[in-house]
Amino acid sequence: MALEHAILVSLLEKPGSGYELARRFERSIGYFWTATHQQIYRVLKRMESEGVLSVREVTQHGRPDKKEYSVADPGRAALSGWLHEPIEPESLRHDLAVKIRGSAFDDPAALIDEVERHHQVHSDRLAHYLAGELRDFTGPDAPAPLDAGQQLQHVVLRGGIAFERMTIAWLDDVLATLHTLAKSTGVTAGPQGSPSGPSA
């Protein structure tokens with residue numbers, strides 16, 4: 001997926017300024033796609049020049065006027081075409097997993113601090129997702145019933161919550177393994193330099 005598609009989805013959900021769009025990427029779109037403010041502004045400018053987005057000046061009292069972006073007909077057509085294209089299932093590239101396997105040839109205990117740092121990051125992200133779910137979908141101030149767009153936003157968020165919970169459970173398992181190895185004499189290398197025991 002390109003950043004352009006994420007922008008089109010967000011602006012179809014609600015038109016907004018570049019700043020407002022960047023805030024959405026921090027709060028909710030970040031559940032499935034991340035981008036810096038600079039990337040967003042750069043792509044917005046290009047999409048506007050290509051006629052994919054419409055822009056209007058909005059007067060603000062006590063503040064500078066702002067540009068409000070919305071999706072033009074060519075943008076809707078581009079998103080529709082992309083939605084109907086098949087995409088390949090994503091393959092997971094996981095640097096930490098490679099480090100964990102590689103630690104068999106060094107000191108597995110040396111990875112404990114790094115894994116604990118990852119655990120904290122994912123725990124914080126899970127807390128952020130759960131707070132967003134309560135605010136937008138399940139709490140007393142959430143709309144009821146949810147419309148189709150809100151239901152689809154919620155199901156994406158639930159996927160993020162499930163992923164973070166799975167990752168935290170795996171990191172708990174990794175930490176338990178590393179602590180066990182730290183108390184032992186270490187992992188013995190098997191034939192051809194591979195770690196002994198069953199291969200993954």
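The legends below describe close-up views of a predicted model.

**View 1. The largest pocket and the residues that line its walls.** The space in this pocket amounts to about 1,000 Å³. Its lining is made by 27 residues, and those nearest the centre of the pocket are Glu13, Arg24, Ser28, Ile29 and Gln153. Helix 1 (3-13), helix 2, helix 6 (112-138) and helix 7 (148-183) each contribute at least two residues to the lining, and helix 1 gives the most, with six residues. By residue class, the lining of the largest pocket divides into twelve nonpolar, six polar and nine charged residues.

**View 2. The second largest pocket, with a space of about 710 Å³.** Of the 22 residues lining this pocket, Gly30, Tyr31, Phe32, Trp33 and Glu90 are the closest to its centre. Helix 2, helix 6 and helix 7 are the elements that give two or more residues to the lining of the second largest pocket. That lining consists of ten nonpolar, five polar and seven charged residues.

**View 3. A nonpolar surface patch that includes phenylalanine 32.** Phe32, Leu152, Val155 and Val156 together make this patch, which covers about 340 Å². Phenylalanine 32 lies in the loop between helix 2 (18-27) and helix 3 (37-49), and its relative accessibility of 39% places it in the partly exposed class. Phe32 also appears in View 2, as one of the residues closest to the centre of the second largest pocket.

**View 4. A network of salt bridges linking Glu4, Arg46 and Glu50.** Side chains of opposite charge can pair when their charged atoms come close. In the salt bridge between arginine 46 and glutamate 4, the closest N and O atoms are 2.1 Å apart; this pair links distant parts of the chain, with arginine 46 in helix 3 and glutamate 4 in helix 1, 42 residues apart. Arginine 46 also meets glutamate 50 in a salt bridge, at 3.5 Å from N to O. Arginine 46 is partly exposed, with a relative accessible area of 34%, and glutamate 50, at 48%, likewise counts as partly exposed.

**View 5. A salt bridge within helix 2, between glutamate 26 and arginine 23.** The closest N and O atoms of this pair are 3.4 Å apart. Because glutamate 26 and arginine 23 are three residues apart in helix 2, about one helical turn separates them. Glutamate 26 is partly exposed, with a relative accessible area of 46%, and arginine 23 is partly exposed at 36%. In the model, the count of salt bridges comes to nine.

Definitions and conventions. Residues are numbered from 1 along each chain as its sequence is written. This is a predicted model: local features need pLDDT of at least 70, side-chain atom pairs count only at pLDDT 80 or more; totals for chains, interfaces and linings use all residues. Side-chain values use heavy atoms; hydrogens and water are left out. Patches are made of residues with over 30% relative accessible area and no salt bridge: like charges are joined within 9 Å, nonpolar side chains (Val, Leu, Ile, Met, Phe, Trp, Tyr) within 5 Å. Accessible areas come from the Shrake-Rupley method with a 1.4 Å probe; for residues, only the protein chains shown count as cover. A salt bridge is a side-chain nitrogen of Lys or Arg within 4 Å of a carboxyl oxygen of Asp or Glu. Helices (H or I, at least four residues) and strands (E, at least two) are DSSP runs, numbered from the N terminus. Buried means under 20% relative accessible area, exposed over 50%, partly exposed in between (1.4 Å probe, protein chains only). On a 1 Å grid over the protein atoms alone, a cavity is a set of points where a 1.4 Å probe fits but cannot get out, and a pocket is an open set with protein on both sides within 12 Å along at least five of seven lines; lining residues have an atom within 4 Å of a point. Grid points are joined across faces, edges and corners, and a volume is the space filled by probe spheres set on the points. Ala, Val, Leu, Ile, Met, Phe, Trp, Tyr, Cys and Pro count as nonpolar, Asp, Glu, Lys and Arg as charged, and the others, Gly among them, as polar.
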